[in-house]
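Dear colleague,

I am handing over the structure below, and my notes on what was found in it follow directly after. Please read them with the coordinates open.

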Amino acid sequence: MSIWLSLLLGFVQGATEFLPVSSSGHLAIIQQLYINATEAQLPNPLLFDIFLHLGTLTAVFIAFHKDIRDLIIAFFALFTVSGRNNEKIRPSRRMLILILIATLPVLVAAFFADTVEVLMESLYFIGGALILTGFLLFVADRIKPGRKNEKTARVSDAALVGVMQAIAVIPGLSRSGSTIWAGIMRGFDRQFAITFSFLMSIPAVLGATVLHLVKAVKEGVDFSEMFVFIPGMLVAAVVGYFAIILLKRMAAKGRFGAFAVYCVSVGVVTVILPFIID
């Protein structure tokens, strides 16, 4: 892999992991174009995927460091009597519980990992999923903002958002777009919907990264191109951070329309693409 391809994929991962346009779909499209152009698979794709996700995880930790700090404090407070009775950390403790509940459906999705890998080879499916993402964003733009937050959101709300996160492992269906849409549909405040979406992604992405690492080790890890992967990881972290900031500002004004148009446009092009490259 060239350093330029690593930087390009890092940029794509950083931008599309958080903007509601599907990182898995975009990376799969680029990989298919690369294979068609070079007649070769990307070298060490599993290891590179781990590096990219570590980059975007870093962006989440930086952008939401205060929320994550409060969640860590709330977790350790569970083991002390004074902590359990501390009213100041009650909202963070409730947020932690909601995130744990929302993470459970992803455990089920892990059993369909092989199916997801097969779907990543189908441009028709990815294009259709992108069009569906655009439709969800279009609907989200037209829903009246709710007022639910970590103090008032229900367990059932968190569970349903978690189900959408599990479904969004499908390539082309945006994880952030789907979970933010689900939160808004359940009456979440827009900023809370975004914060909850990104915080609940941490255990899911960490779990997926660990599984990929175990699989990579079993298959035999080749670290020969690690220093080419690192620049891509750094770009993913930097671009991902600014993508989060951009999304928070746009969502506060209820402006998902541009993303909806983009997803539908890319989806249509992706469906047509096989007829062009074959």
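In which helix is serine 92 found? Serine 92 sits in helix 6, and I should say at once that the model is a predicted one. With a relative accessible area of 17%, serine 92 counts as buried, because the cut-off for that class is under 20%. Leaving aside residues up to four places away in sequence, serine 92 touches Asp70, Leu71 and Ala74. The C-alpha atom of serine 92 is separated by 23 Å from that of methionine 164, and the two residues are 72 residues apart along the chain.

Helix 6 (90-109) also takes part in the second largest pocket, where helix 6, helix 4 (65-77) and helix 11 each supply at least two residues of the lining. This pocket has a volume of about 200 Å³, and among the residues that line it are Leu71, Phe75, Leu96, Ile99, Leu199 and Pro203. Sorted by class, the lining of the second largest pocket consists of twelve nonpolar residues, with no polar and no charged ones.

As to enclosed space, the search of the whole structure finds one cavity of 30 Å³ or more, and the largest cavity holds about 30 Å³ of space. The lining of this largest cavity is made by Glu17, Phe18, Thr56, Leu57, Val60, Ser201 and Val205, which divide into four nonpolar, two polar and one charged. Helix 1 (3-18), helix 3 (45-63) and helix 11 (190-219) each contribute at least two residues to that lining, and helix 3 gives the most, with three residues.

Two of the helices were compared with their expected lengths. Helix 1 has 16 residues and reaches 23 Å from its first C-alpha to its last, which is close to the 22 Å expected at 1.5 Å a residue; its buried residues include Leu5, Leu9, Val12, Gln13, Glu17 and Phe18. For helix 8 (residues 123-141), the 19 residues should span 27 Å at 1.5 Å a residue, and the end C-alpha atoms are indeed 27 Å apart, so the two values agree. Among the buried residues of helix 8 are Leu123, Ile126, Leu130, Thr133, Leu137 and Asp141.

Aspartate 157, in helix 9 (residues 155-167), deserves its own paragraph. Aspartate 157 has a relative accessible area of 0% and is therefore buried. Which side chain makes a polar contact with the side chain of aspartate 157? The partner is lysine 148, at 3.0 Å, while the backbone nitrogen of arginine 154 lies 2.9 Å from a polar atom of the aspartate 157 side chain. Not counting residues up to four places away in sequence, aspartate 157 touches Lys148, Arg186 and Phe188.

The last item concerns backbone geometry. Most residues other than glycine have a negative phi. Serine 22, however, has a positive phi of about 75° although it is not a glycine. Serine 22 is found in the loop between helix 1 and helix 2 (23-38), and it counts as buried because its relative accessibility is 2%.

With kind regards

Conventions. Residues numbered from 1 in each chain as written. Predicted model: local features only at pLDDT ≥ 70, side-chain atom pairs only at ≥ 80, totals over all residues. Heavy atoms only, no water. Helix = DSSP H or I, 4+ residues; strand = E, 2+ residues; numbered from the N terminus. Expected span 1.5 Å × (residues − 1). Buried < 20%, exposed > 50% of the residue type's maximum accessible area, 1.4 Å probe, protein only. 1 Å grid on protein atoms, 1.4 Å probe; cavity = no way out; pocket = protein on both sides within 12 Å on 5 of 7 lines; lining within 4 Å. Points joined across faces, edges and corners; volume = space filled by probe spheres on them. Nonpolar A, V, L, I, M, F, W, Y, C, P; charged D, E, K, R; others polar. Polar contact = N/O pair within 3.5 Å; in protein donor to acceptor, adjacent residues only side chain to side chain. Contact = heavy atoms within 4.5 Å.
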